[in-house]
Amino acid sequence: MPYLHQLDPIAVALGPLKVHWYGLMYLLAFFVAWWLGRKRIRAGYLPGVNEVGYGDLMFYGMVGVILGGRIGYVLFYDLQTYISHPLQILRVWEGGMSFHGGLAGVIIATWIWARKHHLHFFDVGDFIAPLVPPGLGFGRLGNFINGELWGKPTDAAYGVIFPSALPAEYARMDAVSLKHEWASGALNSFARHPSQLYQAFLEGVVLFLVLWFLSKRERPRYFISGVFLALYGVFRFIVEFVRVPDAQIGDHGYLAFGWLTMGQVLSVPLILAGIALVVYSRRAPVLHRALPEASA
């Protein structure tokens, strides 16, 4: 039987103060990136940078992610809505963050920080690339808890029934009545792909393991950044085939051919740029990983 999604997007409610799981996922993402990065700084993976300098880099990255992610979503996915209701831009706890915009924000922030510290941009980029996937995974878990960005219909046993995706007669039901309908099997035909979890696994788990493994070995400059861009682009492009696109874009969310989405269009340049960096890295200097005793 498909799983009925009835998760509360609010983690803690203290009177008028409500802490959303989506926001906590971002805090967890930054904490894990800080923790992993600090271990790598201590091990000497970014020569010339201490923990204080890395904390500065994390601050730049946080600003880049939040501003870039939100501005990117507004520009790429729902510009007309935010023009009509500009204050909604501030409601980040409700979702609406673009990875591609966040990536652009991080790139700009990293470039500024690297220039300030007189470091090669791609040395810094190769350092932080393995720290990004866990945050992507947590973000997708936040999307799942919010019951947003769900996938297309499926009859697979692991399908999920999202109340917000149900027809009006079911969407208006209270949680108890809806659960009764689910138990009777009346909602089985409305099950959908949990595309958020697919992305959490591919972008969060698989991408992290690949980059972490590769970054612990000798590799040329540009290589880790290239692998990150290429793999993320491929994973996102694939999952878009089972994910419901943003309906406000193009023809019911599709830009061309009845299947091409904005997410896929934005991912193609990442794939091409990633491949180009991997190829170019063959002519770049090899970066040696820190010796085991350096982490003591």
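A contact here means that heavy atoms lie within 4.5 Å of each other. In this predicted model, residues 24 or more positions apart account for 76% of the contacts that have a separation of 6 or more. The protein has 11 helices and six strands, and buried residues make up 45% of its 296 residues. The points below take up the overall dimensions, then helix 6, the nonpolar cores with helix 5, the salt bridges, and finally Ser177.

**Overall dimensions and surface**

- For 296 residues, a compact globule would be expected to have a radius of gyration near 19 Å, and the 21 Å computed for the protein agrees with that expectation.
- The C-alpha trace spans about 60 × 50 × 40 Å when it is taken along the principal axes of the protein.
- The accessible surface of the protein comes to about 15300 Å², and carbon and sulfur atoms account for 68% of that area.

**Helix 6**

- Helix 6 comprises the 14 residues 133-146, which at 1.5 Å a residue should span 20 Å, and this agrees with the 20 Å that separates its end C-alpha atoms.
- Because 11 of its 14 residues are buried, helix 6 is largely enclosed by the rest of the structure.
- The buried residues of helix 6 are Pro133, Pro134, Leu136, Gly137, Phe138, Gly139, Arg140, Gly142, Asn143, Phe144 and Ile145.
- The cover over these buried residues includes strand 1 (3-4) and strand 4 (160-161), together with helix 1 (21-42), helix 4 (99-116), helix 9 (195-215) and helix 10 (223-239).
- Gly147 follows helix 6, and its phi is positive, near 70°.

**Nonpolar cores and helix 5**

- The largest nonpolar core holds 23 residues, of which Tyr54 and Phe127 touch the most other members.
- At least two residues of this core are supplied by each of helix 1, helix 2 (51-77), helix 4 and helix 5 (121-128), and the largest share, seven residues, comes from helix 1.
- Once residues up to four places away in sequence are set aside, Phe127 touches Gly37, Arg40, Ile41, Tyr45, Leu46 and Tyr54.
- Another core, of 16 residues, lies apart from the largest one, and among its members are Phe99, Leu136, Ile224 and Tyr232; Leu136 is also one of the buried residues of helix 6.
- In helix 5, which contributes to the largest core, the buried residues are Val124, Gly125, Asp126, Phe127 and Ile128.
- What covers the buried residues of helix 5 includes helix 1, helix 2, helix 4 and helix 10, as well as strand 5 (219-220) and strand 6 (286-287).

**Salt bridges**

- Side chains of opposite charge can pair when their charged atoms come close.
- Six salt bridges are found when the whole structure is searched.
- Arg42 and Glu51 form a salt bridge in which the closest N and O atoms are 2.8 Å apart; Arg42 is partly exposed, with a relative accessible area of 45%, and Glu51 is likewise partly exposed, with a relative accessible area of 36%.
- The side chains of Asp56 and Lys116 meet in a salt bridge with an N to O distance of 3.4 Å, and since Asp56 lies in helix 2 and Lys116 in helix 4, the pair ties together parts that are 60 residues apart in sequence.
- Both partners of that pair are partly exposed, Asp56 with a relative accessible area of 21% and Lys116 with a relative accessible area of 48%.
- Arg243 forms a salt bridge with Glu240, the closest N and O atoms being separated by 3.5 Å; here Arg243 is buried, with a relative accessible area of 5%, and Glu240 is buried as well, with a relative accessible area of 4%.
- Arg236, Glu240 and Arg243 are joined into one network by salt bridges that share partners.

**Ser177**

- Ser177 is found in helix 8, which runs over residues 175-183.
- With a relative accessibility of 31%, Ser177 counts as partly exposed, because partly exposed covers the range between under 20% for buried and over 50% for exposed.
- Ser177 and Ile41 are 136 residues apart along the chain, and their C-alpha atoms are separated by 53 Å; Ile41 is also among the residues that Phe127 touches.

Notes
Residues numbered from 1 in each chain as written. Predicted model: local features only at pLDDT ≥ 70, side-chain atom pairs only at ≥ 80, totals over all residues. Heavy atoms only, no water. Helix = DSSP H or I, 4+ residues; strand = E, 2+ residues; numbered from the N terminus. Expected span 1.5 Å × (residues − 1). Buried < 20%, exposed > 50% of the residue type's maximum accessible area, 1.4 Å probe, protein only. Core = buried A, V, L, I, M, F, W, Y, C linked by side-chain atoms within 4.5 Å. Rg over C-alpha atoms; globule rule 2.2 N^0.38 Å. Areas by Shrake-Rupley, 256 points an atom, 1.4 Å probe, with all protein chains shown as cover. Salt bridge = Lys/Arg side-chain N within 4 Å of Asp/Glu carboxyl O.
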